[in-house]
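Me: I am new to reading protein structures. Could you walk me through the words people use for them?
Reply: Happily, let us look together.

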Amino acid sequence: MTLDQIILFSLFAAVFSLLVWGRYRYDLVAFAALMAGVVLGVVPTKDAFSGFGHPATLVVALVLVVSAGLVRSGAVFLITRTLVDASRGLGSHIALMGGIGAVLSAFMNNVAALALLMPVDVQTARKAGRAPGLSLMPLSFATILGGMVTLIGTPPNIIIASIRAETQGEPFGMFDFAPVGGIAALAGLAFVALVGWRLIPTRDDAGSSESQLAQYIAELTVPEGSPHIGKLLRDLNDEAEKADVAILGLIRDGRRRYGLAAGSLLQAGDAILLEATPEALDEFRTALSLDFSDQARQEKLTADGEGLEVIEVVVPETARIAGRSAQSMGLAWRQSTVLMGLSRQGRQLTKHIRQTEIEAGDILLLLCPRDRAADVTDWLGCLPLATRGLAVTANDKTWLAIGMFAAAVMAASFGLLYLPVALGLVVVGYVLTKILPVAEIYDHIEWPVVVLLGSMIPLGSALESSGGTSLIADALLSLTQGLPAWAILTVLMVVTMTLSDVLNNTATTIVAAPVGIQMANSLQVSPDPFLMAVAVAASAAFLTPIGHKNNTLILGPGGYQFGDYWRIGLPLEVLIVATSIPAILVFWPM
């Protein structure tokens, strides 16, 4: 073993150890390792920042921006609002939501797909009277599975395609992953929908992390000629319950009535105070033919201190507030926002929460100015647990957004345009047509992932050029000597899956893909089946809440514990291996 190999193996061991420890954020760890590699001479200075211009890095960033445009245009809600129904049984609901999540995550970032569908799933569980923990884990796993199907579905596939382009002269195409990834995804979805959700432990406090408050304090006005004039306010409770709306009180002649307002007779011009999500509010308004409040009353509410909004947000590991307290961040004086409550894995924390260090997976209950909710959420780096009233593009641009994205996918699939160029054109189109505000473009890029990729790619290249990957490949080959091809692929998948369960899947891919190529070269067979095995295995991180961002995001809202994931994740990973190996040997023979 040469000195360069010793240094590189030591750097990777340090990176993996620090990532497992979790004390420092993964992008800082990776960038520090890159700088150390440059200083120690194992990474050439001229290649130090080559990873930041790598096609894999660019595609990951562009996919995130395109995903944001699809959300802002209303293209995704067009599907979810039409298909989701709280009256369905749990198994049917999981199958439907899982199918929607898988399809969406095949064409948009799977973290973005989960962030979009999680509020829908939580609200559906609330309406159905069941704990969201029964359906959130299957939804998370479904979005991970869906990403295996296409090139842009998940970062590991993008990295694998780029590595193939460098080593074989041609990258994988948009749907080259579909035969293997599609079979694995379908098998996984079937297992999750039919059997897997039954393995999730049920607890009395599961899902108690959700606040019973709705997400918006709003008011609706009783119009002239309304059939509800003369009725008691409490007579509206049945419709409110159906729409999942909480009636808080009444405003009449500028005076607020709470508590006893339930016995008040409604009059024309009365404003009903509500707590509700935007969808529930609109459902309630439509059912009772109520009006939105007039501007003057809205301004008076704001002047009286009622122009505030209660929101719930989930803390991902990359959030600005993760590892810090609300007080240390100056949340109150910087954003005029108060941390009202914090929930952590089903355990309610009520004392000194402003000084409590926030962890990934926590749910924060925030009181903020009504028009600052989006800014506050973005500033914290969090994701909304319930749908926010964001100003989205008019519905007449929904099909325009879908059309531009579909055209880019088709152009890239048929080789008419280089994929990064095709996605870049979509971003330009979204900006020019005002689907996505230009000021928000960079806000939607997950910069820690960009830094991770930009840092790990030069380190992975250095490990390969130094002969380090050959050493790992030889070690695996020696362990599998004399075994058939399917057994060798199985060992590679199991090793890759194990790493991905405790490390970031992009880091795992960057290390495992060159090892797979070296194994193929040693066996004098095509490297494609080995690259496919790595692609599927790197994405299949189901055993822990730290193996994939999606698993971390559902930790708090689902009321899960660390050991809950393997109950459904272990048989799912076994199933993925069992279905992927035959599919690889059929569609990508050696």
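Me: Which residues in α16 meet which residues in α17?
Reply: A401, M404, F405, A408 and A412 in α16 meet L419, A422, V426, G429 and Y430 in α17. To meet here is to be in contact, with heavy atoms within 4.5 Å. Before we go on, this is a predicted model, in which local features need pLDDT of at least 70, side-chain atom pairs count only at pLDDT 80 or more, and totals for chains, interfaces and linings use all residues. Residues are numbered from 1 along each chain as its sequence is written, and side-chain values use heavy atoms, leaving out hydrogens and water.

Me: What makes α16 roughly antiparallel to α17?
Reply: Helix α16 (residues 398-413) packs against helix α17 (residues 419-432) at about 165 degrees, with axes 9 Å apart. Angles over 145 degrees count as roughly antiparallel, so α16 and α17 earn that name. The residues of their contact divide into 9 nonpolar, 1 polar and no charged. In that sorting, Ala, Val, Leu, Ile, Met, Phe, Trp, Tyr, Cys and Pro are nonpolar, Asp, Glu, Lys and Arg are charged, and the others, Gly among them, are polar.

Me: Why are α2 and α18 called roughly parallel?
Reply: Helix α2 (residues 26-39) and helix α18 (residues 447-465) pack at an angle of about 30 degrees, and their axes are 8 Å apart. The cut-off for roughly parallel is under 35 degrees, therefore the name fits α2 and α18. Among the residues of α2 that meet α18 are Y26, A30 and F31. This contact divides into 12 nonpolar, 2 polar and 1 charged.

Me: Why does V29 count as buried?
Reply: V29 sits in helix α2. Buried means under 20% relative accessible area (1.4 Å probe, protein chains only); V29 has 6% relative accessibility, so V29 is buried. Leaving aside neighbours within four places in sequence, V29 is in contact with V15, L18, L19 and Y24. Across the protein chain, buried residues make up 56% of the 590 residues.

Me: How do you know that the span of α24 agrees with what is expected?
Reply: The expected span is 1.5 Å times one less than the number of residues. For the 23 residues of helix α24 (residues 565-587) that gives 33 Å, and the end C-alpha atoms are 31 Å apart, which agrees. The buried residues of α24 include Y565, I568 and G569.

Me: How many helices and strands are in the protein chain?
Reply: The protein chain has 24 helices and 10 strands. Helices (H or I, at least four residues) and strands (E, at least two) are DSSP runs, numbered from the N terminus.

Conventions:
Axes fitted to C-alpha atoms, helices over the stretch in contact; angles between N-to-C directions. Parallel < 35°, antiparallel > 145°, perpendicular 65-115°, else oblique. Buried < 20%, exposed > 50% of the residue type's maximum accessible area, 1.4 Å probe, protein only.
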